[in-house]
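Open the model in your viewer and keep the sequence panel in sight. We will go from stop to stop, with something to select at each one.

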Amino acid sequence: MELTTSRHLLEPDDGLAAWLAAHGQPAWRAKAIRRWLFAGRALSFADMTDLPAAVRAELEADFTIWTTSIAMHHRADDGTEKLLLELADGHRIECVLLRDGDRRTVCISSQVGCAMGCVFCASGIDGVVRNLTTGEIVEQLLRLARLLPAHERLSHIVVMGMGEPLANLDRLLPALALAQHPDGLGISQRRITISTVGLPPAMDRLTAENPGYHLAVSLHAADDALRTRLVPVNKAIGVEAVMAAADRYWEASGRRLTFEYVLLGEVNDSPEHARRLARLIGGRAALLNVIPYNPVAGMPWKEPTNDARERFIGVLESAGINVQVRRRKGSRINAACGQLRRLAAQSTTDRPPASQSPVAQTKEPNSSTAASTTPRMPPSHTAQ
Ligand code: SAH
């Protein structure tokens with residue numbers, strides 16, 4: 001798709017305000033158009049029925065709303081839905097909608113691939129290709145929002161898909177600002193979690209500029225020898241520096257930190273590992289999110305046994321650590337990082353295995369299956 005002739009409406013520098021002025025249109029139309037896209041779930045300018053028809057046609061000619069197309073759409077029995085989106089340059093990214101009680105959480109990607117190289121993660125196997133643009137990050141939110149029935153809204157965002165979000169803050173932060181905006185998705189900052197491998201300079205930037213987000217730090221090991229084996233970027237950083245940066249964020253935000261720990265069978269799941277971890281994170285207002293390893297084809301790691309997992313958690317809980325075990329959602333549709341993309345890349349036909357339930361396999365940008373409702377303009381909603 002050629003982007004030079006048609007501007008992407010979801011990018012911060014889309015030029016819409018100048019375009020409206022040049023076409024003799026009132027400035028408030030920019031807000032109206034944004035509301036149609038975010039709250040009204042419009043798929044095209046044609047859906048924006050309160051705009052004059054001539055203006056809609058001119059906008060259609062000069063702007064692109066969607067630069068992604070849906071390459072795959074899977075739905076799991078537990079309500080988890082996953083989209084594989086094809087970008088304008090042919091690269092593919094994943095994003096997920098999770099349903100949990102009243103929560104409608106989306107998990108979005110920040111980069112194509114990942115440079116961090118965590119040894120158990122599918123996203124980084126081929127390294128990083130490029131950062132996503134702000135518009136590409138916003139498109140994930142809008143595409144996932146359109147999977148919900150009209151009366152439901154996205155409630156939470158986790159930036160835990162492909163990529164290292166703190167390596168792409170310049171593009172991520174404007175996207176998250178739009179998500180929070182009352183004319184955007186109206187999702188409050190405290191319902192947005194950014195997950196990082198732990199890059200202290202970027203954590204400090206967030207501390208200085210924007211400490212309102214919920215920060216999750218992926219630890220996976222409490223000592224440098226093991227952490228460097230599992231998370232290669234740790235070699236030049238070190239656990240101590242990651243913890244110090246996490247503490248500075250906490251001081252600025254006052255919000256509980258989350259530490260993530262992928263539990264790999266017989267690698268980092270012994271009671272001694274748990275004791276070391278308890279010593280490292282103890283004394284903080286923190287939540288420990290234990291994530292049993294989600295197997296990735298071709299990787300040598302094992303899931304922890306139930307016994308090992310329970311012993312590990314027991315040691316931490318008796319040390320006073322607040323532990324949560326992440327329930328596995330959508331693993332049958334390869335909802336773990338980077339897995340669907342790899343599966344699709346390996347398959348020449350782009351067909352998911354029979355055990356999965358495709359609800360759409362289309363490359364049409366404005367696929368009707370992507371929209372569960374007819375666009376309509378709901379009343380303005382405010383951020384909570
Ligand atoms: N780069 C960021 C965010 C993306 S990954 C980070 O490292 O935090 C989100 C979480 O999923 C991280 O904690 C990551 O380590 C974890 N993860 C990656 N691959 C996994 C796998 N195969 N099984 C379980 N968790 C995994």
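Two strands pair if DSSP finds at least two bridges between them. Keep that in mind for the sheet, and remember throughout that this is a predicted model.

**Stop 1: the central pairing**

Select strand E12 (257–263) together with strand E13, residues 286–292. How many bridges link E12 and E13, and do the strands run parallel or antiparallel? There are 7 bridges, and the pairing is parallel. To see one of the partnerships, pick Leu257 and look across to Ala286 in E13. Now follow the chain from E12 to E13: the path goes through helix H9, residues 271–281, and makes a right-handed β-α-β crossover.

**Stop 2: the other neighbour of E12**

Add strand E11, residues 214–218, which runs parallel to E12 and is joined to it by 3 bridges. Zoom in on Ser218, whose bridge partner in E12 is Glu260. Then colour E12 by burial: 6 of its 7 residues are buried, so the strand is largely enclosed by the rest of the structure.

**Stop 3: the ligand**

Show the ligand and the 18 residues around it; the nearest are Cys121, Ser195, Val197, Ser218 and Asn294. Two elements give two or more residues each to this shell, namely strand E10 (192–196) and E12. Ser218, then, is met here beside the ligand as well as in the bridge to Glu260. If you colour the shell by residue class, you will find 12 nonpolar, 4 polar and 2 charged residues.

**Stop 4: helix H2**

Move to helix H2, residues 28–38, and show its buried side chains: Arg29, Ile33, Arg35, Trp36, Leu37 and Phe38. Which helices do the buried residues of H2 pack against? Select helix H1 (16–22) and helix H4 (134–145) to see these partners.

**Stop 5: two backbone oddities**

Finally, check the phi angles of two loop residues. Arg41 sits in the loop between H2 and helix H3 (53–62), and Arg41 has a positive phi of about 55° although it is not a glycine. Glu266, in the loop between E12 and H9, is also no glycine and has a positive phi of about 60°.

Are these two residues buried or exposed? Arg41 has 22 C-beta neighbours inside 10 Å, so it counts as buried. Glu266 has 11 such neighbours inside 10 Å and therefore counts as exposed.

Notes
Residues numbered from 1 in each chain as written. Predicted model: local features only at pLDDT ≥ 70, side-chain atom pairs only at ≥ 80, totals over all residues. Near = placed C-beta within 6 Å. Helix = DSSP H or I, 4+ residues; strand = E, 2+ residues; numbered from the N terminus. Nonpolar A, V, L, I, M, F, W, Y, C, P; charged D, E, K, R; others polar. Buried ≥ 20, exposed ≤ 12 C-beta atoms within 10 Å, placed from the backbone. Right-handed = clockwise from strand over helix to strand, strands pointing away. Contact = placed C-beta atoms within 7 Å.
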